[in-house]
Amino acid sequence: MENVCYVVDGSDCSILLYQEHPEKYRGNILCDVCREKSWFVKGFATEKYLRAPCFAAHHAEGCNNKIILIPDDDGDASPGPLSVINIDLDKQRKQVIDVVVSQSKSRKDSNWGVVRRYSNVGDYPENKSLRQILTKLTREADFSESDKQIKMVADGGRVVLEGGLAEHLVSQSEILNVPLGEPKIFWGRINNVNRKNGALWLNCGNYKKEPSILIEDDELEEQLVEDFRLKDVDELQGADFIVVGVAFRAGNGKPYIKFGFTKYISFRKYRLE
Ligand SMILES: [Zn+2]
């Protein structure tokens with residue numbers, strides 16, 4: 001896409017205009033046909049390949065501006081017949097989030113290394129990663145109302161959250177409806193990525209109004225880049241996210257989320273076809 005609509009006054013925004021005024025347009029552009037949120041994709045050149053800058057969007061069905069975005073997984077997201085999702089956050093590293101881990105109860109060894117010993121292993125017959133929950137959320141409209149139970153454990157047995165999955169899941173549009181400062185499972189879609197005063201902001205849209213994920217800690221950012229194999233943090237533009245974190249509210253009322261470790265976050269990235 002080479003032109004998008006600037007949502008504030010409905011004017012046209014070209015690639016050239018965007019490059020001249022990124023602060024003005026970032027988070028405020030839509031596909032001019034289907035009105036879905038858009039973002040700017042930098043161009044780059046290698047010896048063999050040249051990609052011109054462009055705009056991308058998760059276009060609505062049938063939009064003739066459609067450029068196919070391919071999610072970075074196509075794995076089986078089946079939740080199985082079980083009603084309990086158990087996530088041991090200590091055991092989650094990026095290497096295993098990428099794959100669907102199905103593990104038989106009787107096996108002592110797994111891809112996860114040492115199998116955690118639950119006080120009653122029958123209570124938690126399946127480990128379900130955040131990534132799998134995210135894939136379900138993006139594929140099934142009513143999964144967020146699922147009656148599944150969830151228990152997240154970290155740091156040598158500390159329970160981060162426990163109870164009905166539906167009570168703990170908070171979509172990006174609902175952040176201000178839940179108590180601030182309490183651990184929740186937030187999910188949504190990143191529209192654009194920006195750096196301000198050294199901090200990294202993963203923005204759901206307009207950074208002044210819409211939710212963001214804030215990463216202030218340099219080490220956390222480095223870990224994020226490493227764990228999710230990012231060549232450029234811009235790769236998170238358009239990505240779906242799920243994060244176990246805490247919501248805050250900025251002085252201007254805008255909500256933002258902070259999290260402590262990369263094991264508390266997962267993404268479903270997309271690339272341009
Ligand atoms: Zn469109």
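Trainee: Which residues of helix 4 are buried?

Mentor: In helix 4 the buried residues are Leu130, Arg131, Gln132, Ile133, Leu134, Thr135 and Leu137. Keep in mind that this is a predicted model, in which local features need pLDDT of at least 70 and side-chain atom pairs count only at pLDDT 80 or more, while totals for chains, interfaces and linings use all residues. Residues are numbered from 1 along each chain as its sequence is written.

Trainee: What makes a residue buried, partly exposed or exposed?

Mentor: We count the other C-beta atoms within 10 Å of the residue's own: 20 or more means buried, 12 or fewer means exposed, and anything in between is partly exposed, with C-beta atoms placed from the backbone. Seven of the 10 residues in helix 4 (residues 130-139) are buried, and the helix is mostly covered.

Trainee: Why is Gly238 called buried or exposed?

Mentor: Gly238 has 24 C-beta neighbours inside 10 Å. The cut-off is met, so Gly238 is buried. Gly238 is found in the loop between helix 6 and strand 19. Leaving out residues up to four places away in sequence, Gly238 touches Trp39, Ala56, His58, Leu69, Ile190 and Tyr270. A contact here requires the two C-beta atoms, placed from the backbone, to lie within 7 Å. The C-alpha atoms of Gly238 and Cys204 are 8.9 Å apart, with their positions 34 residues apart along the chain.

Trainee: And why does Arg229 get its label, exposed or buried?

Mentor: Arg229 has 12 other C-beta atoms within 10 Å, so it falls in the exposed class. Arg229 lies in the loop between helix 6 (218-227) and strand 19. Its phi is near 50°, a positive value in a residue other than glycine.

Trainee: What class does Pro53 belong to, and why?

Mentor: Pro53 has 14 other C-beta atoms within 10 Å, so it counts as partly exposed. The place of Pro53 is in the loop between strand 6 (50-51) and strand 7 (54-57). Beyond four places in sequence, its contacts are Ile15, Phe40, Val41, Lys42 and Gly43.

Trainee: How do you know what counts as a helix or a strand?

Mentor: Both are DSSP runs numbered from the N terminus: a helix is H or I over at least four residues, and a strand is E over at least two. By that rule the protein has six helices and 22 strands.

Trainee: What makes strand 16 and strand 17 a pair?

Mentor: Strands pair if DSSP finds at least two bridges between them. Strand 16 (residues 192-196) and strand 17 (residues 199-203) have five bridges in the antiparallel sense, so the definition is satisfied. Val193 stands opposite Leu202 in strand 17. The two strands form a hairpin with two residues between them. In that turn, Asn197 has a positive phi of about 50° although it is not a glycine. Asn197 is also exposed, with 5 other C-beta atoms within 10 Å.

Trainee: Why are strand 2 and strand 3 said to stand at the edges?

Mentor: Three strands form an open antiparallel sheet in the order 2-1-3. Strand 2 (12-14) and strand 3 (29-30) each have a single partner strand, so one side of each is without a neighbour in the sheet. Strand 1 (residues 3-6) is joined to strand 2 by three bridges, and Val4 has Cys13 as its bridge partner in strand 2.

Trainee: What makes a group of residues a nonpolar core?

Mentor: The members must be buried Ala, Val, Leu, Ile, Met, Phe, Trp, Tyr or Cys residues, joined through C-beta atoms within 7 Å. The largest such core has 37 residues, and those with the most contacts inside it are Trp187, Phe241, Ile242 and Val243. Strand 19 (residues 240-249) gives the most to this core, with five residues. A second, separate core of 13 residues includes Val4, Cys13, Tyr18 and Tyr25.

Trainee: How do you know what confidence the model carries?

Mentor: The predictor gives each residue a pLDDT, its confidence from 0 to 100. The mean for the protein is 81, and 79% of its residues reach 70 or more. Over residues 92-128, however, pLDDT stays under 50.
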